[in-house]
Amino acid sequence: MPSRPAGRAACEYPGMSTGTLITVAPTGAESAKAQVPALPVTLDELVTTARECEALGAAVIHVHIRDDRAEPTLDLGRLKDTVAALREQTELVIQLSSGGAVTDSEADRLAVLDAGPEMASCTMGTVNFGDDVFLNRWEFIVELHTRMQERGVVPEYEIFDLGHLVSLRRLLEKYGLPAGGHVHVDFVMGVPGGMDGTVQTLVAALQQLRDLPEGTTFSATGIGRTTLPVMMAALAAGGHLRVGMEDTLTYAKGQPVESNMQLVARAVSFAQLAQRPPIDPAQARRMLGIR
Ligand code: KMH
Ligand code: ZN
């Protein structure tokens, strides 16, 4: 098993307020392998990426998988194989996407939990998604949340718009805390149709976070050109980071991303500069309430 990379935060959570949780989202469901050859789409590519990102400082992996034609899939057998391989070859917290692609059915998205992840995403509302709609009906959210409670799967609540925080508050008030008792949200900023990726919007989201249970933590990811401002603002606000090729394909103007490792390495550098070094997977599990 990989050992803690140099520069990891040594302190524990809570009281570990200086550490940064880095999540890598290496694949997503939106980009085509033909257009983005560096995208990890096979199980081998995914596991190799995961190992390398863990060695650099990632603690959580947000997983979307692809089929033999590199198309997004929620095939349960493949998901189970993916969870098993990542569990065997890394110590990363495995967070399966229950969002899938905008074309996936609610039934398939709920069945993701049958693959036995320790964590899964749970998007808190519908959002325009470029030319598409990412549909998340209230009844579906409630079903996902309660199934996760029953199975001990810890959610990461995905917030694409400010109203999603209102829904999260309502969800927790009506249906109780998630498995493990800790609330962690991820602000996905800069999606065309969702909240924009600016400091001002992050501040507005943080105001609303105050209405959530004490101790709620957040990470943030800025899509595309909002990657850097969101990363720096999140660090400054005491938040955590999600980076990866699901969200970012351009490293700098005119410079395509070469690999997920490049993005994780940059996040680690920023976190260290901010004197909030990355936490390791064991610390992440304690922070997130994963038993
Ligand atoms: N691919 C998006 C439609 C999630 O992973 O939970 C949904 C998404 C969110 O990426
Ligand atoms: Zn995702």
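## A buried histidine

His64 is buried, because its relative accessible area is 9% and the cut-off for buried is under 20%. His62 falls in the buried class too, since its relative accessibility is 3%. Both values come from a predicted model.

## The zinc site

What do these histidines hold? His62 and His64 each use an NE2 atom to coordinate the zinc ion (ligand 2). Glu246 joins them through OE. The coordination distance is 2.1 Å.

Look at the donors along the chain. Their spacing reads H-x1-H-x181-E. One residue separates the two histidines, and 181 residues lie between the second histidine and the glutamate.

## Around ligand 1

The zinc donors also help to surround ligand 1: His62, His64 and Glu246 are among its neighbours. Glu30, Ser97, Gly99, Gly100 and Val102 belong to the surroundings as well. So do Ser121, Thr123, Phe129 and Phe134.

Three of these residues bring polar side-chain atoms to the ligand. Glu30 places one 2.8 Å from a nitrogen atom of ligand 1. For His62, a polar side-chain atom sits 3.0 Å from an oxygen atom of ligand 1. Glu246 has one at 2.9 Å from an oxygen atom of ligand 1.

## The barrel

Which strands form the barrel, and in what order? There are 8, and they close in the order β1-β2-β5-β6-β9-β10-β11-β12. Their pairing is parallel. From one strand to the next, the twist averages 25 degrees.

Strand β1 covers residues 22-24, and strand β12 covers residues 240-243. The two pair in the parallel sense over 3 bridges. One pair to find is Val24 with its bridge partner in β12, Val243.

Helix α4 spans residues 138-151 and packs on the sheet. The helix touches β6 (119-123) and β9 (154-159). Its direction makes about 160 degrees with that of β6.

## Helix α7 and its cover

Helix α7 runs over residues 227-236. Which of its residues are buried? They are Thr227, Val230, Met231, Ala233, Ala234 and Leu235.

What covers them? Two helices take part: α6 (199-209) and α8 (260-273). The cover also includes the strands β10 (184-189), β11 (217-222) and β12. These three strands also belong to the barrel. Just after α7 comes Gly238, with a positive phi of about 85 degrees.

Key
Residues numbered from 1 in each chain as written. Chains lettered and ligands numbered in written order. Predicted model: local features only at pLDDT ≥ 70, side-chain atom pairs only at ≥ 80, totals over all residues. Heavy atoms only, no water. Pairing = 2+ DSSP bridges. Helix = DSSP H or I, 4+ residues; strand = E, 2+ residues; numbered from the N terminus. Axes fitted to C-alpha atoms, helices over the stretch in contact; angles between N-to-C directions. Contact = heavy atoms within 4.5 Å. Donors = N, O, S within 2.8 Å, 3.2 Å for Na, K, Ca; no water. Buried < 20%, exposed > 50% of the residue type's maximum accessible area, 1.4 Å probe, protein only. Near = heavy atom within 4 Å. Polar contact = N/O pair within 3.5 Å; in protein donor to acceptor, adjacent residues only side chain to side chain.
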